[in-house]
Amino acid sequence: MSQDRELVLQFLAGEEAAFAALYEKYKRSLFRTALAITEDQGAAEEILQDCFLRAYSRLSKLDLSQPLGPWLHRIVVNLSYTWAGKRRFWPLSLEEVVDWLVAGPHASPEQALEEREIKRRVEEALRSLNLSQRLVVILFYLQGFTLGEIAYILNCPLGTVKSRLYHARRILRDKLGPALAPLRESM
Amino acid sequence: MEDDLDLILRWTIKDLYPDVEPSPRVWLGIWSRLNASPRLVAKTSRAWTTRWAGAFYRHLEEGVWRPDWPVERYASPRAILEMKHLGPLYQQKQTILVGWSLYRALPNHSF
């Protein structure tokens with residue numbers, strides 16, 4: 001946080017380059033979260049853009065004793081919620097992304113097929129979660145935030161985060177069920 | 001303690017949701033909004049900014065951008081209609097200012 005704090009203070013002192021440095025530091029992580037929630041590259045880019053526009057006008061109100069990452073993620077999550085609320089339907093498939101991911105240059109056709117199957121099953125299981133549960137899973141497993149940080153990002157009590165993660169894990173376990181052991185062996 | 005589910009989720013989720021570089025047009029969009037006047041921002045939508053920045057970026061990449069080009073080069077018909085309310089001189093001036101602000105703002109002018 002000390003580097004972030006320095007950058008924020010520089011920005012507040014009028015150094016625009018510090019804002020660019022903050023963007024450079026956090027763009028990938030925030031974009032990844034937005035992409036994971038929306039599954040739409042265009043929407044994720046707009047959310048990232050809006051996130052930094054909001055941050056620009058609100059950095060002066062930031063509590064510098066708090067870490068910046070969760071604060072920025074909180075903005076992204078709020079914007080993503082708004083975006084999801086406007087969408088009638090959830091995007092249908094991540095197949096293109098999965099195709100691109102599993103087609104690694106070093107994987108044999110069999111390995112690629114196996115990996116693809118694992119990821120397809122996990123993807124399906126993740127899709128069966130509601131948005132609140134999915135968000136907790138994304139922030140916990142993808143971004144590595146603590147439960148306390150997730151509670152801050154989602155602006156809800158810690159107990160709610162624990163409950164959502166518990167139910168999400170139960171659903172995922174049910175969906176992946178008997179496949180878990182063989183899946184682990186193939187990892 | 002981690003169980004099978006944790007291991008599989010940690011292993012797969014990073015691949016399902018990859019760590020990719022957002023398009024440079026995001027930063028261009030941010031800068032174009034921040035460097036435009038409040039009046040211009042109020043008159044234009046975020047979607048327009050994204051489109052404008054995308055077109056601007058492409059032109060820069062192709063090396064054919066010129067700061068004296070009119071806004072019509074970068075805007076959608078609807079955005080042009082919105083911009084018309086600002087008056088031609090203002091449009092032109094703003095386009096140049098925003099364009100050069102963007103150009104100067106990016107590290108080493110590298111697009």
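**Figure 1. The end of helix 9 of chain A leads into a glycine.** In this predicted model, helix 9 of chain A is followed by A:Gly177, a residue with a positive phi, near 30°. If you trace the chain back from that glycine, you pass along the helix itself, which covers residues 158-176. Helix 9 has 19 residues, and from its first C-alpha to its last it reaches 27 Å, close to the 27 Å expected at 1.5 Å a residue.

**Figure 2. Two faces of helix 9 of chain A.** Which residues of helix 9 of chain A are buried? They are A:Val161, A:Arg164, A:Ala168 and A:Leu172. These residues sit on the same side of helix 9 of chain A because they cover an arc of only 65° around the axis. Now look at the face turned away from that buried side: here you will find the exposed residues A:Gly159, A:Tyr166, A:Arg170 and A:Asp174.

**Figure 3. A:Asn155, in the loop before helix 9 of chain A.** This view shows the loop between helix 8 (147-154) and helix 9 of chain A, where A:Asn155 has its place. A:Asn155 is not a glycine, yet it has a positive phi of about 55°. Is A:Asn155 buried or exposed? With 10 other C-beta atoms within 10 Å, A:Asn155 is exposed.

**Figure 4. A:Glu39, in the loop between helix 2 and helix 3 of chain A.** Helix 2 (16-38) and helix 3 (41-58) of chain A are joined by the loop in which A:Glu39 lies. Although A:Glu39 is not a glycine, its phi is positive, at about 55°. A:Glu39 has 18 other C-beta atoms within 10 Å and is partly exposed.

**Figure 5. Where chain B touches chain A.** The contact takes 31 residues from chain A and 26 residues from chain B. On the chain B side, helix 1 (4-16), helix 2 (24-35) and helix 4 (46-61) each supply at least two residues. Which helix of chain B gives the most to this side? Helix 1 of chain B does, with 12 residues. Sorted by kind, the residues of the side of chain B that touches chain A come to 14 nonpolar, 4 polar and 8 charged. For the model, the scores are ipTM 0.73 and pTM 0.69.

**Figure 6. The helices of chain B.** Chain B has 6 helices and 0 strands, so a walk from the N terminus meets the elements in the order α-α-α-α-α-α. Of its 111 residues, 32% count as buried. Among the contacts in chain B with a separation of 6 or more, 68% come from residues 24 or more positions apart.

**Figure 7. Confidence along chain B.** The mean pLDDT of chain B is 58, with 27% of its residues at 70 or more. Among the elements of chain B, helix 1 has the highest mean pLDDT (85), while helix 5 (residues 77-84) has the lowest (44). Over residues 71-93 of chain B the pLDDT is below 50, and this stretch has 24 contacts in the model beyond near neighbours in sequence. Residues 103-111 of chain B also stay under 50 in pLDDT, and for them the model has 7 contacts beyond four places in sequence. A friendly word of caution for this view: where pLDDT is low, the predicted coordinates should not be read in detail.

Conventions:
Residues are numbered from 1 along each chain as its sequence is written. Chains are lettered from A and ligands numbered from 1 in the order in which they are written. This is a predicted model: local features need pLDDT of at least 70, side-chain atom pairs count only at pLDDT 80 or more; totals for chains, interfaces and linings use all residues. Helices (H or I, at least four residues) and strands (E, at least two) are DSSP runs, numbered from the N terminus. The expected span of a helix is 1.5 Å times one less than its number of residues. A residue is buried if 20 or more other C-beta atoms lie within 10 Å of its own, exposed if 12 or fewer, and partly exposed in between; C-beta atoms are placed from the backbone. The arc is that of the directions from the helix axis to the C-beta atoms. Two residues are in contact if their C-beta atoms, placed from the backbone, lie within 7 Å. Ala, Val, Leu, Ile, Met, Phe, Trp, Tyr, Cys and Pro count as nonpolar, Asp, Glu, Lys and Arg as charged, and the others, Gly among them, as polar. pLDDT is the predictor's confidence in each residue, from 0 to 100.
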